[in-house]
Amino acid sequence: MHLIETRLVLPGAVLIFLMGLGLIFNDRTGYSHHLPAWLAVAIIWYLAAFFTASVVQRANVHAALGTLEGVPDGSALPEAYRAPARRVQLTGAALGLTTVGIAFLMVWKTGA
C-alpha cells in the first residue's frame with residue numbers, strides 16, 4: 001500500500017492539479033484573464049484536500065497501523081486502535097464529501 005501511495009496516488013494527485021492549471025491558463029478557456037469564483041474555490045478546496053490527505057490522513061493511518069503491530073491475525077483489535085481508527089474514518093468521510101463538492105463545482109459552474 002505504501003508503494004502504491006508513493007508511486008501512484010501522490011504523483012497522480014499532483015499531475016491532476018498541474019493539468020488543471022494547464023487548462024486554466026490555456027487561452028481557449030478564457031480563465032487566464034478572469035478566474036471565476038467557483039474555480040478559485042475549487043482550487044483552494046483541492047489544495048486543502050490534498051494537504052489533508054497527504055499529511056493528516058497519512059499520519060492517522062500510520063498511527064492506526066502502529067497500534068496493530070504484534071497483534072495476531074484474527075484476534076480482537078486493541079483498545080488503542082479505536083481513537084486513530086475513528087480519526088481515519090472521519091477524515092476519510094470529509095475527503096469523500098470534498099471530492100463530491102469539488103466535482104459539483106466543476107459540473108455546475110455557478111455564475112458561468
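The paragraphs below go through this predicted model from its overall form to a few of its side chains.

The protein chain contains 3 helices and 0 strands, so that, read from the N terminus, its elements follow the order α-α-α. Its radius of gyration is 18 Å, well over the 13 Å that the globule rule gives for 112 residues, and the chain is therefore more spread out than a compact globule. The C-alpha trace spans about 60 × 25 × 20 Å along its principal axes. Of the 112 residues, 19% count as buried, and the chain exposes about 8000 Å², of which carbon and sulfur atoms supply 71%. Among contacts between residues at least 6 apart in sequence, 66% join residues at least 24 apart.

At the start of the chain, helix α1 covers residues 2–24 and includes I4. This residue helps to form a nonpolar surface patch of about 470 Å², to which M1, L8 and V9 also belong. I4 counts as partly exposed because its relative accessibility is 47%, a value that lies between the 20% below which a residue is buried and the 50% above which a residue is exposed.

Aromatic side chains offer another way into the structure, and a search of the whole model finds 3 aromatic pairs. One of them joins Y31 and W38 in an edge-to-face arrangement, with 6.0 Å from centre to centre and 85 degrees between the planes. Y31 counts as partly exposed at 23% relative accessibility, whereas W38, at 5%, counts as buried. The rings of F104 and W108 also pair, with their centres 5.1 Å apart, and because their planes stand at 40 degrees this pair is tilted. F104 and W108 both lie in helix α3 (residues 82–108), and since they are 4 residues apart there, about one helical turn separates them. F104 has a relative accessible area of 49% and is thus partly exposed, while W108, at 55%, is exposed.

Which residues does M106 contact, once its neighbours within four places in sequence are left aside? They are W38, L39 and A42, and W38 is the buried member, at 5% relative accessibility, of the edge-to-face pair with Y31. M106 itself is placed in helix α3 and is partly exposed, with a relative accessible area of 35%. M106 and V41 are 65 residues apart in sequence, yet their C-alpha atoms are 10 Å apart in space.

Definitions and conventions
Residues are numbered from 1 along each chain as its sequence is written. This is a predicted model: local features need pLDDT of at least 70, side-chain atom pairs count only at pLDDT 80 or more; totals for chains, interfaces and linings use all residues. Side-chain values use heavy atoms; hydrogens and water are left out. Patches are made of residues with over 30% relative accessible area and no salt bridge: like charges are joined within 9 Å, nonpolar side chains (Val, Leu, Ile, Met, Phe, Trp, Tyr) within 5 Å. Accessible areas come from the Shrake-Rupley method with a 1.4 Å probe; for residues, only the protein chains shown count as cover. A salt bridge is a side-chain nitrogen of Lys or Arg within 4 Å of a carboxyl oxygen of Asp or Glu. Helices (H or I, at least four residues) and strands (E, at least two) are DSSP runs, numbered from the N terminus. Buried means under 20% relative accessible area, exposed over 50%, partly exposed in between (1.4 Å probe, protein chains only). Rings of Phe, Tyr and Trp (its six-membered ring) pair if their centres lie within 6.5 Å; planes under 30 degrees apart count as stacked, over 60 as edge-to-face and the rest as tilted. Contact means heavy atoms within 4.5 Å. The radius of gyration is taken over C-alpha atoms; the globule rule is 2.2 Å times the number of residues to the power 0.38.
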